[in-house]
Structures are given as C-alpha cells and as structure tokens.
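User: Could you take a close look at one part of this model for me? I work at the bench, so please explain each term as you go.

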Amino acid sequence: MRGLLASSVGVTCAAALALPLTSPAVAARPVSPAAVRPAAGAEALGGTQSLPLAPLASRDRTLAPVAEQGLPRRDVRRFSLVGVIWDDPDTILHGRVQVRTRASGRDTWSGWQDLETHDDDAADPGTAERTSGRVHGGTAPLWVGDSDGVEVRVRAEADRRTDDTARGSRTATTTAPLPAGLRLELVDPGESAPELARQDTAAAGAAHRALAPRPAPTDEPPEDLPAVDASEANAGLAGLTDLDATEIPALDRQQTEEELFALRAGELTDRQRAKPYIGPRPSIVTRRGWGADEGLRERGFVYTKKVKAAFVHHTASGNGYRCTQAPSLIRGIYRYHVKSMGWRDIGYNFLVDKCGNIYEGRAGGVAKPVLGAHTRGFNSNSMGIAVLGSYGSRKPPAAVTKAVARLTAWKLGLYGANPKGRTYLKSGGGNLYPKGRKVRLNVISGHRDGFATECPGWQLYRKLGSTRTTAARLQGR
C-alpha cells in the first residue's frame with residue numbers, strides 16, 4: 001500500500017513495514033507477556049547508521065538528473081529497520097522510495113520494497129515537540145529483519161500534463177524537486193536497554209521522586225514535568241509492587257474500581273462512585289518489558305488534561321511477524337522516531353500485536369493523559385493505539401479487536417468516557433480541519449477520522465463499530 005499525497009484523498013499512517021526475509025509462523029496464537037520480553041542479560045545497545053543519498057543516473061530521460069537519488073548496493077553494519085528522512089518536516093516527498101536488502105550471512109538480495117512516504121503521525125503544529133528544531137520529514141520505517149547489505153532509490157514523481165494549443169495538443173512533463181537532505185537511516189534495535197541508561201534514569205527518578213504522583217490537570221498548554229524514570233511514572237498502580245516489572249498485571253472488575261477510586265480520589269461524583277463505568281484493567285507489557293532504552297528519549301513527560309478519545313492506527317507492518325518479534329519491532333520504531341525523526345519519544349501511547357498483547361508506548365504512565373505524537377492535529381486529550389500489522393485488505397485477528405476493546409474500556413473509563421459516545425476535540429491543525437476548529441468525533445475513532453489517511457486500514461476500521469460495543473459492555477454500559 002503506497003501512501004497517497006497529502007493533497008489527495010489521504011495519506012497512510014504506517015509506522016513500520018515488517019517484511020521478514022525468513023518464513024516465520026504467522027498463526028495469531030495468544031502468548032504470554034513473559035514470552036515476548038527481551039532475553040535475560042542481553043545488553044546490545046543498538047544504533048543507527050545515517051547515510052546521505054546522492055543523485056543517480058535516471059533511466060527515464062524525461063527526468064532531470066536530480067530527480068532520482070539513492071545509494072548503490074553496499075555492505076553495512078547489521079540493521080533490521082530502514083527509513084529515509086529529509087531536512088524539513090513540512091516538506092512532502094512527491095515520489096517513490098524503494099529499498100532492497102541482503103539478509104545477514106547470505107548472498108541473496110530481496111526484491112525492491114516500497115517505503116510509505118506518509119506525513120500523518122506527528123506532533124501537533126506549533127507544539128514544543130514539533131518546533132524543537134530537531135524534527136525531520138521522513139518515510140515510515142520498513143522492517144526487513146537482520147540484514148547487512150542495502151540499496152536504495154528515491155525517484156521524484158513525474159507529472160505529465162496535456163495542453164491544448166492552436167496547433168494541437170502537446171504533453172509537458174514536470175517533476176517536483178525531491179526534499180533537501182535525503183538520508184538513509186539503518187536502525188539496529190538492539191536487544192535491551194543498556195545497564196548504564198537504566199542506572200542513569202533510576203537516579204533521575206530518585207531525585208524527582210516527589211513528582212511521581214499524578215500531575216494537576218492542565219489543558220493549554222500541556223504540562224512538561226522534570227525527569228522521572230519511566231517505571232516511576234507507573235508507581236501507585238494496583239498490583240504493581242516492583243517498578244522494574246516487565247508487565248503490569250491484569251485486574252478484575254472490583255480491583256479496577258478500587259484503583260479508580262484511589263487514582264481519582266476527590267474527582268469523582270457520588271454517582272460515579274456508586275456506578276463506575278470502567279472495564280477491568282488488562283495486562284500491559286511495560287517499556288522495560290519490550291526493552292526500551294530510556295536514555296534515548298527526552299527526560300520529562302508532557303500531559304494534557306484528560307483522555308476524551310482514542311485513535312486506532314495500524315502500522316502497515318505486514319502480518320508475517322511472530323509475536324515474539326514484536327518487542328524488537330517496537331524498539332526499532334522507538335529509535336527511528338527519536339533518533340531519526342527527532343521526536344521526544346515513540347509517538348504512540350500503546351501498541352498491540354496480532355496476538356493481542358498490549359504494550360506501553362510513550363513514557364509518562366499508562367494511567368495518565370500522556371501527550372503523544374500519533375494523530376497530527378488531535379494529540380491533545382486523546383490517546384493513540386497502534387496495531388502492529390497491515391489491515392487494508394486483511395481482516396484483523398479477533399485477538400486484536402478484543403485487546404483494543406479491553407484497553408479502551410479501561411483507559412477511557414478512568415476519565416469517564418463512553419466508548420459508544422461522541423466527543424468534541426479542538427484541532428491543532430491538520431489536512432482535514434484547521435487549527436482551532438472544534439470537531440465532533442467518535443470516542444473511539446480511526447486515524448482517518450481526524451486526518452486524511454488510509455489508516456487504520458479498511459478492514460480494521462470497519463471493526464471499530466463492534467469494538468465500541470464490546471468496550472462499552474466491558475464498562476458495564
């Protein structure tokens with residue numbers, strides 16, 4: 001699925017395209033969070049190779065020499081995820097980006113694979129994250145598995161127009177220039193967070209332990225708090241006795257209600273206390289569980305006032321990955337978002353694999369209204385849930401929709417939101433709604449509802465109706 005131009009009907013929201021070069025089992029079998037944690041004691045740091053692209057001789061004589069850039073085949077250090085970035089985040093790449101790779105230790109090369117040239121997963125215009133000076137434009141990253149060879153080509157889109165003249169018709173061909181500063185990013189996701197980073201963030205958490213409680217709600221602008229360890233941000237959750245835990249355990253309904261009363265003491269009305277509409281908390285793999293290197297992200301957290309809506313995405317990552325590979329894929333997306341795209345952290349608040357495992361995304365606390373970078377224009381007072389997979393033509397497994405329903409029933413319930421209801425969000429600026437417009441949206445919306453995009457894929461989008469019903473039932477509505 002190629003991303004459409006921003007000026008057209010839509011653009012895609014892919015965050016990663018998983019096309020493994022092996023032939024893994026693809027059955028969507030439930031697995032425990034323990035099965036997806038990184039290997040014990042693994043300390044591979046990971047890294048990013050950033051290689052500038054150069055003009056290529058075009059095979060199309062109608063194109064100017066600068067209309068095609070790339071790199072010829074070359075040997076590189078090992079990587080598993082690839083993307084292309086450029087200088088200006090507001091510049092759209094009108095063209096096609098393709099790569100082919102060589103699996104590590106082999107002599108065979110893959111066929112050419114397309115990278116999504118989307119621009120729809122991002123921080124809102126005008127926010128500190130968007131205007132930091134570090135943000136780049138970029139494609140979605142492509143998951144290719146363990147590789148040590150690469151070739152890339154970026155070709156500008158030719159626009160051929162026919163003009164009628166007094167002497168007849170003539171065809172003129174023009175091409176939009178490629179963005180400046182094109183670079184190939186080769187990401188090694190590593191195995192787990194390095195010990196040094198764990199010690200560093202633990203020390204920061206100890207220094208700011210008094211800041212761990214839930215912050216006072218804010219709306220405009222969001223609140224940016226000093227450094228706290230990511231595990232520290234989840235302190236106080238029921239059943240979480242070890243801040244180094246790889247999993248936040250599931251709760252039953254009574255335990256969840258008790259947690260709600262504790263987290264929102266003094267905020268609930270008598271009616272909400274008498275009949276709290278909230279689904280049981282599902283188990284969630286923590287950032288430590290999927291091996292996040294906390295030294296990569298910005299130290300502070302940014303919060304908005306509440307969570308009024310959830311936007312569902314897919315990553316267009318292909319469906320051939322094993323669920324035990326999901327942590328590595330998430331680490332790759334995280335590093336690409338932070339080190340290549342220049343964001344403060346991974347863009348999504350939560351991720352879900354095809355086996356129904358739920359992962360903590362952007363740091364700041366799974367129960368808190370963390371500002372993400374998932375639906376440009378509607379990141380405030382919302383959360384973003386990214387499903388790892390491609391669901392344009394393939395139906396999502398039942399485990400996926402059940403996981404999204406469980407997650408939204410709980411998280412939206414913490415803030416009194418009805419999954420079957422509608423709410424108003426103020427646009428921060430996007431290609432569907434201008435900045436400042438109040439837009440009425442479903443409390444559980446697809447990405448395409450707030451931004452012109454194909455995301456979350458038609459087959460997943462059409463399941464959102466039943467997901468809303470299931471989530472509401474789980475809340476007791």
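What follows is a close look at helix 8 and the core it contributes to, with the surrounding structure as background.

Analyst: Happy to. This is a predicted model, so please read local features as needing pLDDT of at least 70 and side-chain atom pairs as needing pLDDT 80 or more, while totals for chains, interfaces and linings use all residues. Residues are numbered from 1 along each chain as its sequence is written, and side-chain values use heavy atoms, with hydrogens and water left out.

The protein has eight helices and 22 strands; these are DSSP runs, with helices being H or I of at least four residues and strands being E of at least two, numbered from the N terminus. Of its 477 residues, 55% are buried. Buried means under 20% relative accessible area, exposed means over 50%, and partly exposed is in between, using a 1.4 Å probe and protein chains only. About 19600 Å² is exposed, with 49% of it supplied by carbon and sulfur atoms; such areas come from the Shrake-Rupley method with a 1.4 Å probe, and for residues only the protein chains shown count as cover.

Now to helix 8 itself. Its buried residues include Leu464, Thr467, Arg468, Ala471, Ala472 and Leu474. Seen down the axis of helix 8, its buried residues fall within an arc of 160°, so they line one face of the helix. That arc is taken from the directions from the helix axis to the C-beta atoms. What covers this buried set? Among the elements doing so are helix 2 (253-263), strand 16, helix 6, strand 21 (438-442), strand 22 and helix 7. After helix 8 comes Gly476, with a positive phi near 90°.

Helix 8 (464-474) also gives two or more residues to the largest nonpolar core, as do strand 16 (309-314), strand 17 (350-352), strand 19 (382-387) and helix 6 (398-414). A nonpolar core is a set of buried Ala, Val, Leu, Ile, Met, Phe, Trp, Tyr and Cys residues joined through side-chain atoms within 4.5 Å. This one has 37 residues, and Phe350, Ile385 and Trp410 make the most contacts inside it. Helix 6 supplies the largest share, nine residues. In soluble globular proteins, nonpolar side chains tend to be buried together.

Trp410 is worth a stop. Leaving aside neighbours within four places in sequence, Trp410 is in contact (heavy atoms within 4.5 Å) with residues including Thr256, Ile278, Pro280, Pro282, Ile284 and Val366. Across the protein, residues 24 or more positions apart account for 78% of the contacts with a separation of 6 or more. A second, separate core of 28 residues includes Leu81, Ala292, Ala326 and Tyr334.

Back around the first core, Asn381 sits in the loop between strand 18 (358-360) and strand 19. Asn381 is buried, because its relative accessibility is 10%. Its side chain reaches two backbone nitrogens: that of Lys305 at 3.2 Å and that of Lys306, also at 3.2 Å. Both pairs fit the polar contact rule: N or O atoms within 3.5 Å, one able to donate a hydrogen and the other to accept it within protein, with residues adjacent in sequence counted only if both atoms are side-chain atoms. Asn381 also has a positive phi of about 60° although it is not a glycine. Another backbone feature is the cis peptide bond joining Cys455 and Pro456, with omega about 10°; Pro456 lies in the loop between strand 22 (444-446) and helix 7 (458-461). Most residues other than glycine have a negative phi, and most peptide bonds are trans.

Finally, the charged pairs. There are 16 salt bridges in the structure, each a side-chain nitrogen of Lys or Arg within 4 Å of a carboxyl oxygen of Asp or Glu. One of them joins Arg102 and Asp148 at 3.0 Å, N to O. It links strand 5 (residues 95-103) with strand 8 (residues 142-156), the two residues being 46 apart, and both are buried. Another joins Arg287 and Glu294 at 2.9 Å. Arg287 counts as buried because its relative accessible area is 1%, and Glu294 does too because its value is 9%. These two belong to a network of salt bridges with Arg297 and Asp345.
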